[in-house]
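Hi,

Here is the structure I promised to pass on. Have a look at it first, and then read my notes underneath.

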Amino acid sequence: MTADRWRRLWADVVDAARGGAVAVDHVCAAAVSVAGVDSGAVAVILDATPRELVCATDRTALELEDLTLTLGEGPCVDATNGAPVLVGDLTVPVCQNRWPVFAPAAVLAGAGAVFALPLRVGGIRLGVLDLYRACAGDLGAEQLTDALVLADTACAMLLDDATRHGADRDDQRPERTGLHHPEVHQATGMITVQLGVTAAVALIRLRAYAYSQDRRIRDVAADVVARRLHLGPAGTPGDRHE
């Protein structure tokens, strides 16, 4: 990475900010531009809680991120383990087999290709930068290199935001990032208490109910928070929709 190339990428970020303070969403917008894709999003992954959307460039990205949250599978989930997941064509059999629910749903939502880049520093996993292309097609070598640099930039900004807000945890996770779907977090906490299970199990229970009812997890969560829905233990007839 030459100094000139870095200056060019940073100029793209500044341009996206349009004279305002640079934020993660501007880095995401710049990544969409340099990668030649159609939309993008940044999500953070916190311990024992749902992935949380930080920003999305358009409605398609919002829809695809919502699918990932609801279904719990896809390139954007796998990338959180630490390696980029680059999918140039979601319709090929290997993708349909690897993500049997997400892949066809994502295609229907308008994604032909997905490029998920982890936001990671050493052993700290912060989240993922997700890039979506409407048509199938791989990233070029320079496009991928630039996108990876901007993913590192987004990661640094998230860490800096955590530090500026006084986070004193060793892992410096961006706990104070604004929540796009707070009801999912609230519902997970309520189910944890109601069923006496861990937050991870509560999220699985919430996700399973949403999938079985062909609903989005945020809508099911809103019912739980409003006490219109009470989930019983998995495999029991304890679910009540009031």
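Below is what I found when going through it, from the overall picture down to single residues.

First, the caveat: this is a predicted model, so read the rest with the confidence scores in mind. The protein chain has a mean pLDDT of 83, and 84% of the residues reach at least 70. Element by element, strand β3 (residues 85-87) comes out highest, with a mean of 98, while strand β7 (residues 240-241) is lowest at 66. The stretch to be wary of is residues 165-179, where the pLDDT is below 50. That stretch still has 30 contacts in the model beyond near neighbours in sequence.

As for the overall make-up, the protein chain has 10 helices and seven strands. It runs to 242 residues, of which 45% count as buried. If you take the contacts with a separation of 6 or more, 59% of them are between residues 24 or more positions apart. The exposed area is about 11400 Å², with carbon and sulfur atoms supplying 53% of it.

Helix α1 is a good place to start zooming in. It spans residues 3-17 and includes V14. Together with W6 and W10, V14 makes a nonpolar surface patch of about 260 Å². V14 itself is partly exposed, because its relative accessible area is 37%, and a residue has to be over 50% to count as exposed.

Helix α1 also has a salt bridge of its own. R7 pairs with D4, and their closest N and O atoms are 2.2 Å apart. The two sit three residues apart in the helix, about one turn, and both are exposed.

The next salt bridge reaches much further along the sequence. D146 pairs with R5, with 2.9 Å between the closest N and O atoms. This one links distant parts of the chain: R5 is in helix α1 and D146 in helix α7 (residues 141-164), 141 residues apart. Is D146 buried or exposed? D146 counts as buried, because its relative accessibility is 4% and the cut-off for buried is under 20%.

In total the structure holds six salt bridges. Another of them joins D223 and R215, at 3.0 Å from N to O. The two partners differ in cover: D223 is buried, with a relative accessible area of 7%, whereas R215 is partly exposed at 26%. Salt bridges that share partners also tie R5, R8 and D146 into one network.

R215 turns up again around T70. T70 belongs to helix α3 (residues 59-71) and is buried, with a relative accessible area of 3%. What does T70 touch once its neighbours within four places in sequence are left aside? The contacts are R207, A210, R215, R216 and I217.

On the cysteines: there are zero disulfides in the structure. For C28, the nearest cysteine sulfur is that of C55, 4.3 Å away, so the pair falls outside the 2.5 Å cut-off for a disulfide. C28 is buried, with a relative accessibility of 1%. C95 is also buried, at 6%.

Finally, a couple of backbone oddities. Most residues other than glycine have a negative phi. R18 is not a glycine, yet its phi is positive, about 55 degrees. You will find R18 in the loop between α1 and α2 (24-35), where it counts as exposed at 78% relative accessibility. R227 is another non-glycine with a positive phi, about 65 degrees in this case. R227 lies in the loop between α10 (217-225) and β6 (229-230), and it is exposed, with a relative accessible area of 60%.

If you only have a few minutes, I would look at the salt bridge from D146 to R5 and the low-scoring stretch at residues 165-179.

Cheers

How values were computed:
Residues are numbered from 1 along each chain as its sequence is written. This is a predicted model: local features need pLDDT of at least 70, side-chain atom pairs count only at pLDDT 80 or more; totals for chains, interfaces and linings use all residues. Side-chain values use heavy atoms; hydrogens and water are left out. Patches are made of residues with over 30% relative accessible area and no salt bridge: like charges are joined within 9 Å, nonpolar side chains (Val, Leu, Ile, Met, Phe, Trp, Tyr) within 5 Å. Accessible areas come from the Shrake-Rupley method with a 1.4 Å probe; for residues, only the protein chains shown count as cover. A salt bridge is a side-chain nitrogen of Lys or Arg within 4 Å of a carboxyl oxygen of Asp or Glu. Helices (H or I, at least four residues) and strands (E, at least two) are DSSP runs, numbered from the N terminus. Buried means under 20% relative accessible area, exposed over 50%, partly exposed in between (1.4 Å probe, protein chains only). pLDDT is the predictor's confidence in each residue, from 0 to 100. Contact means heavy atoms within 4.5 Å.
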